Protein chains: 2
Amino acid sequence: MVGAAARDVPRRATLHSVAAAAGVSHQTVSNVLNAPDRVRPETRARVLQAINAVGYRPDEAGRALARRSSRLVSFHVGVERHDRVSMLDDFARALARVGDAHGYRLVLDVAGRDDAEQIASFEDLTARRAVDGVVIPATHVGDRRPGWLTAHGVPVVAFGRPWHEPAAPHSWVDVDGRHGMRLVAEHLVAAGHTRVAYVGPPPDGGMEDDRMAGLVDGLRDHGVVHDPRLVLPVADPDALRDRLPAFLDAGRPTALVCRDDSFAFEAVQVLAGRPGRQVEDVTVTGFDDSRLARVVRPGLTSVAQPLDQVAELIWSSLVAQIEGRAQQPLQRLIRPRLVVRPTP
Amino acid sequence: MVGAAARDVPRRATLHSVAAAAGVSHQTVSNVLNAPDRVRPETRARVLQAINAVGYRPDEAGRALARRSSRLVSFHVGVERHDRVSMLDDFARALARVGDAHGYRLVLDVAGRDDAEQIASFEDLTARRAVDGVVIPATHVGDRRPGWLTAHGVPVVAFGRPWHEPAAPHSWVDVDGRHGMRLVAEHLVAAGHTRVAYVGPPPDGGMEDDRMAGLVDGLRDHGVVHDPRLVLPVADPDALRDRLPAFLDAGRPTALVCRDDSFAFEAVQVLAGRPGRQVEDVTVTGFDDSRLARVVRPGLTSVAQPLDQVAELIWSSLVAQIEGRAQQPLQRLIRPRLVVRPTP
DNA sequence: CCCTTGCATTTGAACGCTCAAATTCGTACT
DNA sequence: AGTACGAATTTGAGCGTTCAAATGCAAGGG
């Protein structure tokens with residue numbers, strides 16, 4: 001039953017059948033589709049009419065084979081997920097949408113437990129010419145993937161800086177977390193806070209340092225000296241449950257700047273659970289402006305990642321690389337904006 | 001620079017070059033890969049050796065053209081997102097992972113604002129032979145997409161029942177929400193609850209009715225008659241903020257069964273905000289066992305959708321349809337399980 | 001000893017497109 | 001009038017695979 005339709009149909013329209021119908025050569029039909037300016041307007045109209053009459057659509061496999069390009073890009077994620085709140089979802093959507101406008105599509109590849117395994121997966125994918133390029137949606141300190149891909153001539157753009165090697169020659173886009181945290185600091189100082197604490201994972205030589213430094217710098221720029229004791233290093237948001245209350249009692253901060261929305265969310269929960277105190281006693285801020293930040297109460301002031309812009313940049317570089325007209329790697333830091341959510 | 005590697009390489013290994021190296025014909029090499037049992041073990045070993053020596057990998061475009069199948073399946077989502085918490089993420093991951101095991105890959109298609117637009121997108125995709133089939137990750141009452149696809153011979157499996165037309169001939173997999181709610185009811189009755197309220201969107205002739213009915217039936221089966229006044233119909237979780245307090249005061253339920261985790265999450269927030277009362281005074285349950293249910297406090301007892309199993313079923317049917325050996329449509333209801341999270 | 005059978009392997013033709021080069025044709029230039 | 005040019009169009013090859021049919025070859029039956 002299923003699939004029968006494909007067999008019943010007299011025959012699939014091809015470049016040749018359309019050409020015959022329009023009284024031109026197959027290549028003229030191809031030109032009408034791929035380089036309309038090369039064909040005379042009257043001819044073009046006639047061909048277009050024939051195309052519509054038979055409902056012709058170019059076959060992707062034929063195209064891919066002839067142009068040696070699938071117009072497919074791998075969105076590569078590891079098999080395990082670390083983040084409690086996923087931005088991946090919104091990001092993948094933005095990427096797919098923008099890619100469509102460029103004539104490219106996104107393939108979801110879930111493979112590999114670590115860099116080595118993922119690199120093996122890239123090797124396979126590109127050797128089979130299954131994709132034209134790769135998007136790496138998140139990087140980590142010491143990430144070997146972008147380097148491998150670039151070294152092997154595979155078009156790639158990473159979302160995330162090469163922290164360990166700032167001069168790495170591959171393309172990347174990242175959100176300027178430091179700037180984001182400065183915005184948070186500015187906002188808090190303007191609201192009268194002077195005892196501002198930072199909550200997040202300990203320094204890792206990468207993003208963690210960057211975010212915290214942004215806060216400290218931002219506070220300083222607005223006349224507030226950050227007390228180094230007002231830092232609560234916790235690897236995982238879950239740990240806040242045990243450690244946050246004592247931390248609050250010891251330092252008495254009036255604001256809690258969290259490394260991301262997961263930490264912020266957990267912090268809010270802990271605050272809400274303190275007997276005899278109001279959640280609102282301490283202002284909590286997050287980062288990512290995830291769905292969590294939007295639904296939790298009190299609403300979380302958070303730093304929003306401009307995902308559409310990131311997607312736009314990624315494709316512009318990726319397409320340039322794929323089409324062989326990439327002058328130099330794209331290496332761009334994007335300034336996020338602050339989304340202020342006043343406690344109701 | 002980029003892309004240079006592809007040009008420098010002497011020449012890409014093909015079926016022919018491997019065949020020449022192994023001293024056999026191209027077809028024998030093809031057989032070693034696609035039908036190993038057709039070739040003598042010694043020959044097979046020799047060919048395999050040649051394949052490894054040159055690092056040959058079959059070209060996907062060539063394959064797709066010859067077998068008229070891309071081994072690509074569209075994961076089709078609309079441009080707008082309705083859900084506050086997305087399971088899409090986990091679901092897409094599960095689907096991609098299982099698909100890989102079947103030799104298929106998932107393409108992320110973000111297109112269309114309504115059924116008609118999405119159908120146009122399907123039409124295009126299949127006419128270009130860009131994909132072999134489609135997965136529809138969520139259906140709605142009156143959904144026209146699965147019907148259109150099936151009528152046009154496009155392999156499709158929907159995640160979600162055809163509520164308006166139970167006998168619809170297309171393939172689908174769904175989670176038995178009614179059963180899930182029965183589990184919730186059973187759990188609550190066992191915990192001693194008798195005044196159990198339901199919170200969720202008003203009846204829609206589909207899933208909404210099903211979930212609520214499951215609760216009512218479940219309660220009855222365990223000796224509790226559900227008071228029809230203990231239903232709070234709200235279209236959106238946000239509305240709970242205004243309406244839940246009065247509802248609680250009026251009916252004094254001891255348990256709040258929510259249509260899904262978004263509602264449950266919102267309910268917990270409202271409960272936590274009530275002056276002079278404990279969150280724990282009322283037990284809240286959710287549905288989906290989303291990330292939200294896992295991180296909110298108190299932990300939400302929720303109904304877990306067995307996404308891996310769903311993915312497994314979807315691919316089994318999809319692949320059967322694609323390969324033309326589908327006997328009859330897959331129409332399967334899966335029983336979810338209850339994840340109990342005791343309030344600490 | 002020849003013919004059949006069946007297995008292993010080879011041959012050649014698609015599949016549907018794009019690219020590069022060749023051809024046609026009308027126009028302008030000498 | 002003859003040639004040169006450029007634009008529009010056509011021709012033919014090639015992309016790398018699979019499928020169907022043909023061939024080669026050894027073993028078994030008459």
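**Figure 1. Strand β2 of chain A meets strand β2 of chain B in this predicted model.** Let us start where the two chains pair through strands: β2(A) is joined to β2 of chain B, residues 105-110, by 3 bridges, and the two strands run antiparallel. To find your bearings, look for Leu106(A), whose bridge partner in β2(B) is Leu108(B).

**Figure 2. The wider contact between chain A and chain B.** Chain A brings 50 residues to this contact, and chain B brings 50 residues as well. On the side of chain A that touches chain B, two or more residues come from each of α1 (4-8), α5, α6 (88-101), β2 (105-110), α7 (115-127), α12 (261-273) and α13 (291-295) of chain A. Sorted by class, this side of chain A holds 25 nonpolar, 14 charged and 11 polar residues.

**Figure 3. The surroundings of DNA strand D.** Here 26 residues lie around the strand, and those that come nearest are Ser25(A) and Thr43(A) from one chain, with Asp59(B), Gly62(B) and Ala66(B) from the other. At least two residues of this surface are supplied by each of α3 (26-34) and α5 (60-67) of chain A, and likewise by each of α2 (15-22), α3 (26-34) and α5 (60-67) of chain B. If you follow one helix in this view, let it be α5(B), which gives the most to the surface near DNA strand D, with 5 residues. The surface is made up of 12 polar, 8 nonpolar and 6 charged residues.

**Figure 4. The surroundings of DNA strand C.** Turn now to the other strand, which is surrounded by 25 residues. The closest are Leu15(A), Gly62(A) and Ala66(A), along with Ser25(B) and Thr43(B). Helices α3 and α5 of chain A, and α3 and α5 of chain B, each supply at least two residues of the surface near DNA strand C. The largest share of that surface, 5 residues, comes from α5(A). By class, there are 11 polar, 8 nonpolar and 6 charged residues in the surface near DNA strand C.

**Figure 5. The annotated HTH lacI-type domain in chain A.** An unreviewed UniProt entry carries the annotation "domain: HTH lacI-type" for residues 13-67 of chain A. In the model, this span is 71% helix and 0% strand, and its end C-alpha atoms lie 20 Å apart.

**Figure 6. Helix α3 of chain B against helix α4 of chain B.** The axes of α3(B) and α4(B), the latter covering residues 41-54, come within 10 Å and cross at roughly 95°. α3(B) is therefore roughly perpendicular to α4(B). From α3(B), the contact is made by Thr28(B), Val29(B) and Val32(B); from α4(B), by Thr43(B), Arg44(B), Val47(B) and Leu48(B). These contact residues divide into 4 nonpolar, 2 polar and 1 charged.

**Figure 7. A parallel sheet in chain A and a helix lying across it.** The open sheet has 4 strands in the order β7-β6-β8-β9, with parallel pairing. At its edges, β7 (231-233) and β9 (283-285) of chain A each pair on one side only. On average, neighbouring strands of this sheet are turned by 15° against each other, direction ignored. Strand β8 of chain A, residues 255-258, pairs with β9(A) over 3 bridges, and Leu256(A) stands opposite Val284(A) in β9(A). Finally, look for helix α10 of chain A, residues 207-221: it lies across β6 (196-200) and β8 of chain A, running at about 175° to β6(A).

Technical notes:
Residues are numbered from 1 along each chain as its sequence is written. Chains are lettered from A and ligands numbered from 1 in the order in which they are written. This is a predicted model: local features need pLDDT of at least 70, side-chain atom pairs count only at pLDDT 80 or more; totals for chains, interfaces and linings use all residues. A residue is near a molecule or strand if its C-beta atom, placed from the backbone, lies within 6 Å of it. Ala, Val, Leu, Ile, Met, Phe, Trp, Tyr, Cys and Pro count as nonpolar, Asp, Glu, Lys and Arg as charged, and the others, Gly among them, as polar. Two residues are in contact if their C-beta atoms, placed from the backbone, lie within 7 Å. Two strands pair if DSSP finds at least two bridges between them. Axes are lines fitted to C-alpha atoms, for helices over the stretch in contact, and angles run from 0 to 180 degrees between N-to-C directions. Angles under 35 degrees count as roughly parallel, over 145 as roughly antiparallel, 65 to 115 as roughly perpendicular and the rest as oblique. UniProt positions are given in the numbering used here, feature names are shortened, and annotations may be inferred rather than shown by experiment.
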